[in-house]
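Okay, everyone, let me put one structure up and walk you through a few spots in it. Have a look at it for a moment before I start.

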Amino acid sequence: MSNALKLQDVTAVINGVSRYNGGAFDTVTFKTLLVSETPIEDEYYVPVGVSPTPAAVALLKEANLKVMPYKASTLLEGTEDIQTEAQEGDTAATQLDAARLILLSLLKRTRLTPISAQPGMYVYELSYEQKIYPVDGPSGNAYEVEFVVPFDQLAVSPNAGKIEVTVLLPRQTNLLQATGVDPNGGAVSQLVSQLSNVSRTAVTFEYHIDPVFNIQYQHTAGIQA
């Protein structure tokens, strides 16, 4: 049974380190606060910042698996029979389980950090970091991060539960797109704010059903030698 969330507040801070590593990747740090109506006792696998090979990236994309938090039991379920599947010639099942095991190699097992607990309100925190790799943009390389909120096996409470997301882009970037898509394909409205003193852009979302968020941006300053 899914835990009912009163709130999942996600803050993502993206650092433009690609300017100093030859354009290889940026980094994003996620900090999440969860307020649940019931205790969350499950362990999760979260990104550990490992760089996947191009072949691994292609396999994960083919399997529609994203590098993001997963409930431990969800990620591992069914992978123990991969050798049997291969011996029986079940290529599709073997490939899917192989992709899930590759994803596992990019994650680490962790528990949510409890902050406080009282009947009807259990508060947790979770932090993790991952890398953002370049994609084809409208005028050269862009960078894209996509994530799903709430986490695997968590659901927004029907009693006024909500999702809040804040994404802080790197210095000197152009926001190309910022989308939130609900389970029915509808758009989640966003607010874009320019932080002129530090040359950053902030994007915020607020929603009450499980959405998928996608942020794409492009650097306006070149790679630093």
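Before the cavity, a word on the classes I'll use: Ala, Val, Leu, Ile, Met, Phe, Trp, Tyr, Cys and Pro count as nonpolar, Asp, Glu, Lys and Arg as charged, and the others, Gly among them, as polar. And keep in mind that what you're looking at is a predicted model.

So, the cavity. How many are there of 30 Å³ or more? The count comes to one. The largest cavity holds about 40 Å³ of space. And what lines it? Going along the chain, you have Val10, Phe30, Met68, Pro69 and Tyr128, then Phe147, Val148, Val149 and Phe151. Sort that lining by class and you get nine nonpolar residues, no polar ones and no charged ones.

Next, Leu126. You'll find Leu126 in strand E7, which runs over residues 121-132. Buried or exposed, then? Leu126 comes out at 4% relative accessibility, so Leu126 counts as buried, the cut-off for that being under 20%. Leaving aside residues up to four places away in sequence, Leu126 touches Phe30, Lys31, Thr32, Val46, Thr110, Arg111, Leu112 and Phe151. Two of those names you've just heard: Phe30 and Phe151 are also in the lining of the largest cavity. For a longer-range pair, take Leu126 and Asn214: they sit 88 residues apart in sequence, and their C-alpha atoms are 20 Å apart in space.

Okay, charges. Side chains of opposite charge can pair when their charged atoms come close. Here the count comes to six salt bridges, and I'll show you three of them.

Start with Arg109 and Glu43, whose side chains meet in a salt bridge at 2.4 Å, N to O. Why care about that pair? Arg109 lies in strand E5, residues 107-111, and Glu43 in strand E3, residues 43-47, so the salt bridge ties together parts that are 66 residues apart in sequence. On the surface side of things, Arg109 is partly exposed, with a relative accessible area of 46%, and Glu43 is partly exposed as well, with 24%.

Glu43 has another partner: the side chains of Glu43 and Arg111 meet in a salt bridge too, at 3.5 Å, N to O. Again we're going from strand E3 to strand E5, so this pair ties together parts that are 68 residues apart in sequence. Arg111 counts as partly exposed, at 48% relative accessibility. Put those together, and Glu43, Arg109 and Arg111 are linked in a network of salt bridges. Arg111, by the way, is also one of the residues that Leu126 touches.

The third one is Glu146 with Lys66, where the closest N and O atoms are 3.4 Å apart. Glu146 is in strand E9, residues 140-148, and Lys66 is in the loop between helix H1 (54-62) and strand E4 (70-71), so here the pair ties together parts that are 80 residues apart in sequence. Glu146 counts as partly exposed at 31% relative accessibility, and Lys66 is partly exposed with a relative accessible area of 25%.

Last stop, the hairpin. Strand E13, residues 190-195, and strand E14, residues 200-207, pair in the antiparallel sense over six bridges. If you want a register to hang on to, the bridge partner of Ser193 is Ala202 in E14. Four residues lie between the two strands of this hairpin, and Ser199 takes a positive phi there, near 55 degrees.

Key. Residues are numbered from 1 along each chain as its sequence is written. This is a predicted model: local features need pLDDT of at least 70, side-chain atom pairs count only at pLDDT 80 or more; totals for chains, interfaces and linings use all residues. Side-chain values use heavy atoms; hydrogens and water are left out. Two strands pair if DSSP finds at least two bridges between them. On a 1 Å grid over the protein atoms alone, a cavity is a set of points where a 1.4 Å probe fits but cannot get out, and a pocket is an open set with protein on both sides within 12 Å along at least five of seven lines; lining residues have an atom within 4 Å of a point. Grid points are joined across faces, edges and corners, and a volume is the space filled by probe spheres set on the points. Buried means under 20% relative accessible area, exposed over 50%, partly exposed in between (1.4 Å probe, protein chains only). Contact means heavy atoms within 4.5 Å. A salt bridge is a side-chain nitrogen of Lys or Arg within 4 Å of a carboxyl oxygen of Asp or Glu.
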